Amino acid sequence: MLGPSRTTGISEHVHPKSRPLTRVELHVHLDGALRAETIWELAVAKKLELPGKGTFQDLQAYLVCKKPEDLGSFLSRFGIILGSVKGDLKALERVAYEFVEDSASAGIAYSEARFCPHLCIPDDVGNSEETKTWTWNVTEALLKGLIRGEKDFGTKINLVATVIRGFSTLWYEETIELAADTSFHQGRIIAIDIAAIASTADEKHMLEKEAIDIFDRAAKLGIRRTVHAGESGPAAQVEFALDTLHAERIGHGYRIHSDKKVYERVRKNQVHLECCPWSSLLTGSISPFEIPHPIVKFFEDGFNVSVNTDDPTVTGTNMDDEYRLLRKWGLCDAHFVRGNFNAARSSFLPENEKKDLIQRMGKAYGFVV
Ligand SMILES: O=c1[nH]cnc2c1ncn2[C@@H]1O[C@H](CO)[C@@H](O)[C@H]1O
């Protein structure tokens with residue numbers, strides 16, 4: 001509550017200097033986590049076409065999804081979001097820096113944030129030489145912001161380079177090359193992923209040969225892999241991700257709840273599920289009338305599962321809101337602590353850094369070890 005309490009007159013407005021960094025987030029899209037204020041400022045400066053009457057309130061109302069839609073329409077907001085930063089290296093550095101600040105104020109110690117390099121380059125970039133230079137440049141700008149943010153706020157963020165279902169082979173290959181260029185990114189691109197844009201929301205695009213080839217190559221090169229599956233598509237897509245795309249973690253995965261065999265396989269093998277409560281409802285992946293929600297079942301049945309925000313700009317939530325929703329569904333602090341340690345041990349950090357992270361989290365929680 002802001003300001004003095006009406007009943008006691010005692011101020012209830014708390015100003016913690018810094019929040020203990022006890023949380024780990026493995027499924028958040030950096031471009032889905034821009035502040036509405038920043039998008040507004042950038043869009044106005046660039047004279048981009050704005051929704052409604054062009055006011056900040058209209059923009060915010062447009063960006064935040066308020067009731068269940070489908071994945072395609074949920075993702076349609078990314079047009080304006082990305083339009084505000086595309087090809088603008090200063091803006092990309094800025095939003096990465098702000099993302100670290102927001103993560104730190106949500107108590108995040110470590111996060112693996114997704115971005116699609118090719119969605120961050122200008123629309124009119126033509127030949128492949130230019131594309132490549134641009135993708136490296138936009139990545140460098142994001143890394144600058146993340147590293148500066150880490151120094152100021154203490155939260156470490158690595159990147160997951162995401163390819164988009166339905167994109168060209170050339171763009172897939174450039175993403176792998178970028179991820180493999182460790183001397184450039186200094187280990188900061190920690191994995192690859194496959195996600196969607198509004199027009200490729202249907203997971204059947206993962207079956208395309210280009211997508212299969214790129215994950216094959218990643219596995220051979222030792223590049224770590226997480227895959228969006230079982231969100232808009234059925235449980236079979238999760239099996240496909242595990243068997244054919246060599247997925248080590250699954251983004252979302254809720255729909256395994258409708259297939260006993262896949263459900264049991266994921267549980268038994270402790271495949272990490274990166275779950276996003278609000279997003280699961282707003283993308284229409286799970287009906288609000290589905291009780292218990294699969295995420296609750298995952299926690300109850302001993303899955304290796306974590307809690308994530310996915311796209312705070314579009315869901316209008318932060319990690320506290322996600323926990324609030326889960327509490328309404330019957331989960332409690334012990335589940336959230338478990339989720340954070342699940343995320344830490346399932347992160348793609350090198351073993352020594354992972355051990356260090358787990359120890360720091362333990363201390364931040366106040367565990368005596
Ligand atoms: O929930 C989701 N499912 C699939 N794709 C998504 C989701 N949220 C965001 N993106 C896509 O991932 C890209 C890189 O971050 C975003 O630009 C968006 O198109």
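Visitor: How do helix 5 and helix 6 pack, at what angle and with their axes how far apart?
Guide: Helix 5 and helix 6 (residues 128–153) pack at about 35 degrees, with axes 7 Å apart. Helices (H or I, at least four residues) and strands (E, at least two) are DSSP runs, numbered from the N terminus. Axes are lines fitted to C-alpha atoms, for helices over the stretch in contact, and angles run from 0 to 180 degrees between N-to-C directions.
Visitor: Anything to know about the model?
Guide: It is predicted: local features need pLDDT of at least 70, side-chain atom pairs count only at pLDDT 80 or more, and totals for chains, interfaces and linings use all residues. Residues are numbered from 1 along each chain as its sequence is written.
Visitor: Back to the helix pair. Which residues make the contact?
Guide: From helix 5 they include Leu 89, Leu 92, Val 95, Ala 96, Tyr 97 and Val 100, and from helix 6 they include Val 138, Ala 141, Leu 142, Leu 146 and Phe 153. Contact here is C-beta atoms, placed from the backbone, within 7 Å.
Visitor: And how do the residues of that contact divide?
Guide: Into 12 nonpolar, 3 polar and 6 charged. Ala, Val, Leu, Ile, Met, Phe, Trp, Tyr, Cys and Pro count as nonpolar, Asp, Glu, Lys and Arg as charged, the others, Gly among them, as polar.
Visitor: What does helix 5 lie across?
Guide: Helix 5 (residues 89–105) lies across strand 2 and strand 3, at about 140 degrees to strand 2. Strand 2 and strand 3 (residues 156–164) run parallel and are joined by 6 bridges; Glu 112 stands opposite Asn 158 of strand 3.
Visitor: What's the strand order in the sheet?
Guide: The order is 1-2-3-4-5-6-7-8, an open sheet of 8 strands with parallel pairing. Strands pair if DSSP finds at least two bridges between them. Strand 1 (23–29) and strand 8 (305–307) are at the edges with a single partner strand each, so one side of each has no neighbour in the sheet. From one strand to the next, the twist averages 25 degrees.
Visitor: New topic. What surrounds the ligand?
Guide: 20 residues do, the closest being His 29, Arg 114, Cys 116, Ala 195 and Ala 196. A residue is near the ligand if its C-beta atom, placed from the backbone, lies within 6 Å. Helix 3 (71–75) and strand 2 (108–115) each give at least two residues to that shell, which divides into 9 nonpolar, 6 polar and 5 charged.
Visitor: Where is the cis peptide bond?
Guide: Between Ile 291 and Pro 292, with omega about -5 degrees. Pro 292 sits in the loop between helix 12 (277–282) and helix 13 (294–300).
Visitor: Which residue has a positive phi although not a glycine?
Guide: His 246, at about 55 degrees, in the loop between helix 10 (235–243) and strand 6 (249–252).

Key:
Contact = placed C-beta atoms within 7 Å.
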